[in-house]
Amino acid sequence: QVQLMESGGGLVQPGGSLRLSCTVSGFAFSAQTMQWYRQPPGKERELVAQITPASLSIRYADSVKGRFTISRDNTKRTLYLQMASLETEDTAVYYCKASGIDSWGQGTQVTVSS
C-alpha cells in the first residue's frame, strides 16, 4: 500500500524558513521522480518542485526559484523541501507525490503570516 506522510508545516512570519519532510512506503522510492505540490486556499493544486531519482535533474516553479530547495535521501525514503524567504503567497497545504503513482498524502499546512 502506497503511503506518503508529509510533516514540518506550521505558522511562520514573512521572511522565515521551514523544512518540510515526506516519508514514503509501499513503492520503490529510489526509482521514482518525486514532486512537491501545494494548494493555496481557494486555488488549484500546483507543482512546486520536482527531483529525479538520483537528484540529477531538479525543477522549480518560477514563483519559488531561489527560495525553495528540494532534496531527497533515498536511504531514508524521504523527500525534503527547504523553504526560505517565505511570503504570504506561500500559504498553502503542501503535498508530496511520486510522479508515476496516483496517490496523495494528507498534506501539511504552511501558513505565512505576521
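**Exercise 1. In this predicted model, find the bridge partner of Arg19 in β8, then work out how β3 and β8 pair.**

Solution. Start at Arg19 and look across to β8: the bridge partner there is Gln82. Now take the two strands as a whole. β3 and β8 run antiparallel to each other, and their pairing covers six bridges. β3 has another neighbour as well: β1, residues 3–7, pairs with β3 over five bridges, again in the antiparallel sense. To spot that pairing in the viewer, go to Met5, which stands opposite Thr23 in β3.

**Exercise 2. Find out which strands pair with β10, and in which sense.**

Solution. Take β2 to begin with, a strand of residues 10–12. β2 and β10 are parallel, with three bridges between them. Leu11 is a handy marker here, since its bridge partner in β10 is Thr111. Next comes β9, which pairs with β10 in the antiparallel sense, also over three bridges. On this side, look for Tyr94 and its bridge partner in β10, Thr108.

Now look at the two faces of β10. Thr108, Val110 and Val112 make up the covered face, while Gln109 and Thr111 sit on the uncovered one.

**Exercise 3. Locate the disulfide and say which strands it ties together.**

Solution. Begin with the count: the structure has one disulfide. The cysteines involved are Cys22 and Cys96, with an S to S distance of 1.8 Å; the cut-off for calling such a pair a disulfide is 2.5 Å. Then place each end. Cys22 belongs to β3 (residues 18–25) and Cys96 to β9 (residues 92–98), so the bond links parts that lie 74 residues apart in sequence.

Is the pair buried or exposed? Cys22 and Cys96 are both buried. And what about handedness? The torsion about the S-S bond is about 40 degrees, so this disulfide is right-handed.

**Exercise 4. Pick out the best-connected residues of the largest nonpolar core, then follow one of them.**

Solution. This core has 27 residues. The members that touch the most others are Met34, Trp36, Phe68, Leu79, Leu81, Met83 and Tyr94. Next, ask where the core residues come from. At least two are supplied by each of β3, β4 (34–39), β5 (46–51), β7 (68–73), β8 (78–83), β9 and β10 (108–112).

Now follow Tyr94. Leaving out residues up to four places away in sequence, its contacts include Trp36, Phe68, Leu81 and Met83. Tyr94 also touches Glu6, Leu20 and Arg38, among others. On the β10 side, Thr108 and Val110 are among its contacts, and both of these belong to the covered face of that strand.

**Exercise 5. Step back and describe the whole protein: its elements, its size and its surface.**

Solution. Count the elements: there are ten strands and zero helices. Read along the sequence, that gives β-β-β-β-β-β-β-β-β-β.

Next, size. The C-alpha atoms fill a box of roughly 40 × 25 × 25 Å along the principal axes. A compact globule of 114 residues would have a radius of gyration near 13 Å, and the protein's own value of 13 Å agrees with that.

Then check burial and surface. Of the 114 residues, 44% count as buried. The exposed area comes to about 5,900 Å², with 47% of it from carbon and sulfur atoms.

Finally, look at the reach of the contacts. Taking those between residues at least 6 apart in sequence, 53% join residues at least 24 apart.

Note on methods: Residues numbered from 1 in each chain as written. Predicted model: local features only at pLDDT ≥ 70, side-chain atom pairs only at ≥ 80, totals over all residues. Heavy atoms only, no water. Helix = DSSP H or I, 4+ residues; strand = E, 2+ residues; numbered from the N terminus. Buried < 20%, exposed > 50% of the residue type's maximum accessible area, 1.4 Å probe, protein only. Core = buried A, V, L, I, M, F, W, Y, C linked by side-chain atoms within 4.5 Å. Contact = heavy atoms within 4.5 Å. Pairing = 2+ DSSP bridges. Rg over C-alpha atoms; globule rule 2.2 N^0.38 Å. Areas by Shrake-Rupley, 256 points an atom, 1.4 Å probe, with all protein chains shown as cover.
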